[in-house]
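Visitor: Could you pick one part of this protein and take me through it up close? I'd also like to hear how it fits with the rest.

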Amino acid sequence: MMEDTVHENTNLVSSQQTEEKQSLVQMNSGAPVNVETQYNINKKGKGGYNVAKDLLNNQSVDNIQPVAVSPPGLHKKISNMGPEKKMMTNLPKRPPVDIEFSNLSYSVPERRSLMRPIRGYKTILKGVNGKFKSGELTAIMGPSGAGKSTLMNLMAGYKTTSLVGNITINGRERNLRKFRKMSCYIMQDDCLSPHLTVMESMNVAANLKLGERMPQAEKDLVVAEILETLGLTECGNTRANMISGGQRKRLAIALELVNNPPVMFFDEPTSGLDSASCNSCITLLKELAREGRTIICTIHQPSARIFEKFDKLYVLAEGQTIYRGTTMGLIPFLGSMGLECPSYHNPADFVMEVASGEHGTFTEKLVMAVANGKCNNLSEGSPSVAKKSATGPGTISLNNDIIKKQSEQICPDEVKIYMTHLDHINNLGSPDSIPMTASKTRTEPDGESNPEETKPEDYCKSSLLENGSMESIDEHCKNFATSSWTQFKVLFIRTFFCILRDQTLTNLRLFSHVACALLIGALYWDIGNEASKVYNNAAMLFFCMLFLMFTAMMPTVMTFPLEMSSFRREHLNYWYSVKSFYLAKTAADLPFQILFPLIYVLIVYFMTSQPLDPARFFMFLLVAILTSLVAQSLGLLIGAAVDVATAVYLGPITVIPILLFSGFFLSLNNIPVYMQWLSYVAYVRYGFEGTMQAIYGFDREKLTCSQPYCHFKYPHKFLEELALENAVYWVDILVLIGFFVFLRVMGYFVLKFKLHLDR
């Protein structure tokens, strides 16, 4: 029995290897790959012309039986995508978009650091040209340093400085603000909120991107449809940090699909995925493109099976274009340049070898050939090859050569009509979407021969401009989908729940406050009213300010830079404004910054026998809370300015000068005159002053003395010793509030400046 099992596994592996080799041979020869007869037409029944006639008249055709094609691994990863996949019909309708660029150049300054002068400029892109059309899945390939990510960032509007050239949208000059509102950029790192479930993340996206006028029931319908289409229904109640890599990638796509953007950019969508998940991901992108979207992605070295799924290919080498056109035209083009791809060799690997110079210095020759239009005449590698069909689940794919042979003898005009609508069936996946007009054949600028109805602008209307909607790009891109108040409300709730579920920000902080409070209370037990231990009590009060300062600042310093990638993606994809995000972040953390110092003070204050006066207790509590808030604001400023590694170092370093000028280690009168001004910018000084005034000020009665002589039996003498007799409590409170507001405002502008600097 074991021998039979081994024999079956061997046969299975052998058959898979044979299929892969056949695929490579067909691609290298320029023949179509995976183009099968998916409609079984009964020759004894209606002929090809009668079938076409019935289709045009919207009549049912019994003799045509669709056969679903499911690439291996798709149903394993996307269980909800059935064989009869339908387009998402509940999404908002958007106009199709074509992107064209010409003479595009980009350079960056060369310098060792921001403080050093610019030594020169390094040119990354050198006058590239091209066009990305709606309804097509385009891959940008090239070796490391070729400029593919830079080209993607320029197209998406993430990079704008030092850009030379023209970028047009549907033939008009690109308005960057409007274009970013109608496109989305899905980065290599998924950048998801780890503490939200899949359904919660989708609801947040729907509430931010679908507008306030849409009823909640319709939003729920859109979310449910996207989750079902992308196979995420089963993990809807699972947190994002607990789902698989393929599901995370699909969730990142689902979040951006909520408002149905006509343009989608993907940076290395298959990075970190296994082969089955890669195939599922690219198949999904193929289906999204077939619904009329412009899908552009960078990819490093795809397998032959994945490579054949792309409609168009754009290859860069040394910042220049060495090929642009269909994937099936790549091998004939390279062959015409004297670069023959070996049999059983992946074309993607071969073109990467060529771009890297492993086969000689062909870059300039290929660049000149592309500039002269030599790759424009290659349609699918062979004049007789019909338009390449999608191979995703439920996509109806037809062998047009067979149909042509059966129908050519009937009537040439009817054959053209029939073939046109077969192409529509192939693209849209449903005979119901077939338009009722015929057309002539035309040749695209990049060499692809298509009927006029099958151009992306037309079949996009079935998924993006359905029911005769004439929505324009300008109407789609007026402003954010929701008001600032709605953005703040949604982000506040999301941030609040994320903080609640974060082990570092919540549970660990709570434990540390309780544990340290108990430790301090036990160490300084019952010393608050003892005149002989006033210095010890002052040290305890100073340590309280120091502890609250560190516990508020360091978690923010460590976690906020990690949130920047998610914030950057959502903001640049126009989910919300910087103002709404920053205010929501500030407001959501306020309850915790009040609760934790309150718990700490309640334990320490009574264990150390501080004065049992409600006024003094609340004065001490107010100073503790404000000190904590100011420290957190400083941590937010540092976290917004630098990366997490630098922030973890800068956080404690900035505390050292603040502590030196706080007035505890060195009284304010003993600080040198030329350095006394530094004590005014040390916010811990005001926290310490306010604490000492709350405990020993306001004419407190004399302390108990267990020794024969207590010099500081009267509290005002101790304040004089520390040079705090003239301190005013409410002035300290106002200064701390001023520090809080100033640091928060500075953090906001630093955040905006950093976003601008990234461009």
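Guide: First, a term we'll lean on: a residue is buried under 20% relative accessible area, exposed over 50%, and partly exposed in between. Cysteine 341 is a handy first case, because its relative accessible area of 13% puts it on the buried side. Do keep in mind that this is a predicted model.

Let's stay with the cysteines and make the disulfide our close-up. A search of the whole structure turns up 1 disulfide. Cysteine 705 and cysteine 710 are the partners, with their sulfur atoms 1.7 Å apart. In general, a link of this kind is a covalent bond between the sulfur atoms of two cysteines. The angle about the S-S bond is 80°, and the link of cysteine 705 and cysteine 710 is right-handed.

How accessible are the two ends? Cysteine 705 has a relative accessible area of 28%, so it is partly exposed. Cysteine 710 comes out at 10%, so this partner counts as buried. For another cysteine, try cysteine 516: at 24% relative accessible area, cysteine 516 is partly exposed.

Now for some backbone oddities. As a rule, most residues other than glycine have a negative phi. Phenylalanine 698, which is not a glycine, has a positive phi of about 55°. You'll find phenylalanine 698 in the loop between α24 (683-696) and α25 (715-721). Its relative accessibility is 47%, which means it counts as partly exposed. Asparagine 103 also has a positive phi, about 50°, without being a glycine, but asparagine 103 belongs to strand β3 (residues 99-110).

Stepping back, the protein has 26 helices and 14 strands. Of its 759 residues, 55% are buried. Take the contacts between residues at least 6 apart in sequence: 77% of them join residues at least 24 apart.

Threonine 138 gives you a feel for such a long reach. Sitting in strand β5 (residues 137-141), threonine 138 has a relative accessible area of 3% and is therefore buried. Isoleucine 296 is 158 residues away from threonine 138 in sequence, yet their C-alpha atoms are 4.9 Å apart. Leaving out residues up to four places away in sequence, threonine 138 touches Phe132, Ile295, Ile296, Cys297, Phe310 and Lys312.

Helices get their turn too. Helix α21 (residues 578-607) and helix α26 (residues 729-757) have axes that come within 11 Å and cross at roughly 140°, so the two helices are oblique to each other. The crossing of α21 and α26 is right-handed. On the α21 side, the residues that meet α26 are Val578, Lys579, Phe581, Tyr582 and Thr586. Among their counterparts in α26 are Phe740, Leu743, Arg744, Gly747 and Tyr748. Sorted by class, this contact has 8 nonpolar, 2 polar and 3 charged residues.

Arg744 turns up again around glutamine 632, which is part of helix α22 (residues 614-641). Apart from neighbours within four places in sequence, glutamine 632 is in contact with Ala552, Met553, Thr556, Asp589, Gln593 and Arg744. Glutamine 632 has a relative accessible area of 5%, so it is buried.

Key
Residues numbered from 1 in each chain as written. Predicted model: local features only at pLDDT ≥ 70, side-chain atom pairs only at ≥ 80, totals over all residues. Heavy atoms only, no water. Axes fitted to C-alpha atoms, helices over the stretch in contact; angles between N-to-C directions. Helix = DSSP H or I, 4+ residues; strand = E, 2+ residues; numbered from the N terminus. Parallel < 35°, antiparallel > 145°, perpendicular 65-115°, else oblique. Left-handed = near helix turned anticlockwise from the far one by under 90°. Contact = heavy atoms within 4.5 Å. Nonpolar A, V, L, I, M, F, W, Y, C, P; charged D, E, K, R; others polar. Buried < 20%, exposed > 50% of the residue type's maximum accessible area, 1.4 Å probe, protein only. Disulfide = S-S within 2.5 Å.
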